[in-house]
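Biologist: Please take a close look at the pocket space in this model. I would like to know what lines it and what it holds.

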Amino acid sequence: MNGNDMQAAKEIVMILRSEGHGAFIVGGAVRDMLLGREPKDVDVATSALPDDVARLFPDSKRVGESFGVALVEILGAKIEVATFRKDGQYSDGRRPDSVEFCGREEDAKRRDFTINAIFFDPIAEKFVDDVGGLQDLHDGIIKTVGNAHDRFQEDFLRMLRAVRFAARLDFKLDAETALAISLHAAESLSIAPERVRQELSRMFTGPHPSKALWMLHQVGLLQHLLPEVDAFFGVQQPPDWHPEGDVFIHTGMVLDRLAAPSETLAWAALLHDVGKPATFMIDETGRIRFNGHDEVGAKIAGDVMARLKFPNDVMSDVMEIIGLHNKMHYCADMRKSTIRKIVGNPLFPVMIELNRADSMSSAQITDGYVHFLDFIIAQDGVLKLPEPLINGRDLIGMGMVPGPHFGAILKRVYDAQLNGDIGDRESALALVSDPHGDV
Ligand code: ATP
Ligand code: MG
């Protein structure tokens, strides 16, 4: 939110009122204000028809034409001003086929949850609550406005919004609301994958992500939307390494430990052990093992994210991080060149934060993490990989015929450079000429 948003919304309400229209601040801004939180954006609802809004705010732009919403720019803030409306039939479980303009009370009734349907009059500084939102906010309850079954049937996305708000605000789902979600959970598959992704990403990058994970499992949404994650439940781990419990518990703890995660980091954390259920085995000594769970997991993560229509770059980053996450724990055994390549990877900041959260959410063995940090300090904080001392032109200059073998030669020389075995061009060239040079 822009610091001016509340003031700008108040200004808009005053202008609308001066023309005799009803006008209020409504929705998330009122809820967040009452909770003492910073709202994401401030919305105004009014009895003024879209043409009146356009006349009073000539520079405003209409957004969502048929829904009667205008974007008003005032005091450097952009505020959505929506005409009170009730929604018509929903034939696709997503968007109403039509809307009809109406009074404030009916506008409150079309809103998803009671805590999102409180109106605030910024001039009288009074709340107007037709649906018991203030009480539910006080009690910490997410409850649909009206009959829960009907409201979810109109728009199944609301099932995910319910969990998102409950997790983020640390609220409970009202019993009837939770029951209706359980009964309609399978219908979450009819929600557009992009919208599912957006809701889930907001849950896992927001406060209390493990609460969202638990709740999604409990109401049965996880089983349909992310069956690969639901499968974590009850997958045992070696107690010496994972005293915290099964893969589900561990994953929730990792998510909770991330500091302000990006979408990439949150999904890498959610899916870092997604290969564990498939690779679970007990070896001859009776120890649980998950051999190759990193590479198997990277592939499964790719399937999950393709299904949710993630952009390719986010998906391939998450797959790369998952494929490497387990090796990161064994930094102490790595060659210097390998460590430098990991540290020089543009994804390193994400990988090391996942490594920290992963280690701290199990036996708290942070040897790998500490070793990486020591290494970076020893390099004066330089992460970037150096330019290679020689390239293909140098090989041609030595009379060699270009071909696929160039790659292998240059890699051997570059690894020697990263290991610190050679430090200048001459020694690099000498290494190429040395048939026994296997540094
Ligand atoms: P935040 O922006 O912090 O996620 P919000 O409550 O402001 O939360 P928005 O998506 O910005 O959520 O929507 C603004 C308001 O519009 C909501 O508070 C709610 O009253 C109403 N609303 C939004 N989406 C729906 C929906 N799918 N069904 C019914 N009402 C909705
Ligand atoms: Mg909002």
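Modeller: The second largest pocket encloses about 640 Å³ of space. A pocket here is an open set of points on a 1 Å grid over the protein atoms alone, where a 1.4 Å probe fits, with protein on both sides within 12 Å along at least five of seven lines; its lining residues have an atom within 4 Å of a point. Points are joined across faces, edges and corners, and the volume is the space filled by probe spheres set on them.

This is a predicted model, in which local features need pLDDT of at least 70 and side-chain atom pairs pLDDT 80 or more, while totals for chains, interfaces and linings use all residues; side-chain values use heavy atoms, without hydrogens and water. Residues are numbered from 1 along each chain as its sequence is written, with chains lettered from A and ligands numbered from 1 in the order in which they are written.

In the second largest pocket, 28 residues form the lining, and Trp241, His242, Asn326, His329 and Tyr330 are nearest the centre. That lining comprises 8 nonpolar, 13 polar and 7 charged residues (nonpolar: Ala, Val, Leu, Ile, Met, Phe, Trp, Tyr, Cys and Pro; charged: Asp, Glu, Lys and Arg; polar: the others, Gly among them). At least two lining residues come from each of β13 (288-289), α19 (348-360) and α20 (367-378); helices are DSSP runs of H or I with at least four residues, strands runs of E with at least two, numbered from the N terminus.

The largest pocket holds about 1,400 Å³. Its lining has 41 residues, with Asp43, Glu80, Arg85, Arg110 and Arg161 closest to the centre. By class, 22 of these lining residues are charged, 15 nonpolar and 4 polar. Helix α7 contributes the most to this lining, 6 residues.

Ligand 1 sits in the largest pocket, that is, more than half of its atoms lie within 2 Å of the pocket's grid points. Helix α7 (157-169) and α2 (28-34) each give two or more residues to the shell around ligand 1, and α7 gives the most, 5. The shell has 17 residues, each with a heavy atom within 4 Å of the ligand; 13 are charged, 3 polar and 1 nonpolar. Polar contacts (pairs of N or O atoms within 3.5 Å) include one at 2.8 Å between the side chain of Asp155 and a ligand nitrogen. The side chain of Arg158 has an N or O atom 2.7 Å from a nitrogen of ligand 1.

Note on methods
A polar contact is a pair of N or O atoms within 3.5 Å; within protein, one must be able to donate a hydrogen and the other to accept it, and residues adjacent in sequence count only if both atoms are side-chain atoms.
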